[in-house]
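Work through the exercises below with the model open. Try each task before reading its solution.

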Amino acid sequence: MIWRERRMGTLGSNFATPADFRLIYLGKVFSNTFLAMSSFVITFLFIRVILGLNIIFPRLDVTIFLLIVILFSFISLSITLGFLFLIYRNAIIWINVLEYPIYVLSGIAIDIKYLPSYLHPFSFILPTRWIVRLLKYSFEQQITLLDIVKSFDFWILVFLTIIYTCVFLLLNKYVTYKVMKKGNLEVY
C-alpha cells in the first residue's frame, strides 16, 4: 500500500496533510485487513448457502473474540512491515516473497513440528503462529472465553502485538525525522 502510493506520487501529499500520517496509514491498514478478513464471512456463507454444508463453531463468542484479536494483531504486523518497506526502497522485492514463508512458519500450510529446528525461532516471533494455535485450540476443545484469556498462546500474541506496535511507533519517528531532514519521502 505504501509502495503503491510512493509509485503514484501521493505518499508525500499524504505525509504533508494536517492529519497525522500514522492515523491515515492506520486507517488504510485497518480497512484492508478488515476487508481481507471479510473473506472469512464470504467463505462461510458460500459453504453454508451454496454447498449446503453446516459449519458448527464450538463457541461463537470465542470465535468472534479471536477474530477481533486477530484483526489487531494483523494490523500491528502489517503496519510495521509497511513502514519497513517505506524505509528501504528496494524492499518491494520482499513484499511478494514473504507471503509463503509466513504461511509455512505460522503453521498454516504444515505443522511447525515438521520444520527444521533452526526455523522454529522465526516462527515464534510471528503473531500468525499464535493465531493459528489459538484457532486450532478453540475448534478442538469446548473452551470458554476465560480459557482463551488464561492461555499462554493468547498472552504471547498480545505481547507480540504490543512489540510490533512499539516498533511501528519507533519506525514512524525515524521516518518523520528522515522526511524533515531530507524534505521528501520519495528517495531514501
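## Exercise 1: Thr128 and its surroundings

Thr128 has a relative accessibility of 7%, so Thr128 counts as buried. The model is predicted.

**Task.** Place Thr128 in its helix, and give its distance in space from Ile108.

**Solution.**
- Step 1. Find the element: Thr128 sits in helix H8.
- Step 2. Count along the chain: Ile108 and Thr128 are 20 residues apart in sequence.
- Step 3. Go from C-alpha to C-alpha: the two are 8.5 Å apart in space.

## Exercise 2: The overall fold

**Task.** How many helices and strands are there in the protein? What percentage of its residues is buried?

**Solution.**
- Step 1. Count the elements: the protein has 10 helices and zero strands.
- Step 2. Write the order along the sequence: α-α-α-α-α-α-α-α-α-α.
- Step 3. Take the burial: of the 188 residues, 34% are buried.

## Exercise 3: Salt bridges

**Task.** Find the salt bridges, then assign each partner as buried, partly exposed or exposed.

**Solution.**
- Step 1. Recall the principle: side chains of opposite charge can pair when their charged atoms come close.
- Step 2. Apply the cut-off: a side-chain nitrogen of Lys or Arg must lie within 4 Å of a carboxyl oxygen of Asp or Glu. The count comes to two salt bridges.
- Step 3. Take one pair: Arg59 and Asp61 form a salt bridge, with the closest N and O atoms 2.9 Å apart. Arg59 has a relative accessible area of 31%, so Arg59 is partly exposed. Asp61 is at 33% relative accessibility, so Asp61 counts as partly exposed too.
- Step 4. Take the other pair: Arg133 and Asp153 meet through their side chains at 3.1 Å, N to O. This pair links distant parts of the chain, 20 residues apart: Arg133 is in helix H8 (residues 127-140) and Asp153 in helix H10 (residues 152-182).
- Step 5. Assign these partners: Arg133 is partly exposed because its relative accessible area is 38%. Asp153 is buried because its value is 11%.

## Exercise 4: The second largest pocket

**Task.** Which residues lie nearest the centre of the second largest pocket, and what classes make up its lining?

**Solution.**
- Step 1. Take the volume: the second largest pocket has about 300 Å³.
- Step 2. List the lining: 13 residues line this pocket, and Phe34, Met37, Phe40, Val41 and Leu67 lie nearest its centre.
- Step 3. Trace the helices: H3 (21-50) and H4 (60-87) each give at least two lining residues.
- Step 4. Sort by class: the lining holds 11 nonpolar residues, two polar and no charged ones.

## Exercise 5: A nonpolar surface patch

**Task.** Which residues form the nonpolar patch on the surface? Is Val49 buried or exposed?

**Solution.**
- Step 1. Name the members: Phe40, Val41, Leu45, Phe46, Val49, Ile50, Leu51 and Leu53 form the patch.
- Step 2. Take their area: together they have about 780 Å² of accessible area.
- Step 3. Place Val49: this residue lies in helix H3.
- Step 4. Classify Val49: its relative accessibility is 62%, so Val49 counts as exposed.

Technical notes. Residues numbered from 1 in each chain as written. Predicted model: local features only at pLDDT ≥ 70, side-chain atom pairs only at ≥ 80, totals over all residues. Heavy atoms only, no water. 1 Å grid on protein atoms, 1.4 Å probe; cavity = no way out; pocket = protein on both sides within 12 Å on 5 of 7 lines; lining within 4 Å. Points joined across faces, edges and corners; volume = space filled by probe spheres on them. Helix = DSSP H or I, 4+ residues; strand = E, 2+ residues; numbered from the N terminus. Nonpolar A, V, L, I, M, F, W, Y, C, P; charged D, E, K, R; others polar. Patch = residues over 30% accessible without salt bridge, like charges linked within 9 Å, V, L, I, M, F, W, Y side chains within 5 Å. Areas by Shrake-Rupley, 256 points an atom, 1.4 Å probe, with all protein chains shown as cover. Buried < 20%, exposed > 50% of the residue type's maximum accessible area, 1.4 Å probe, protein only.
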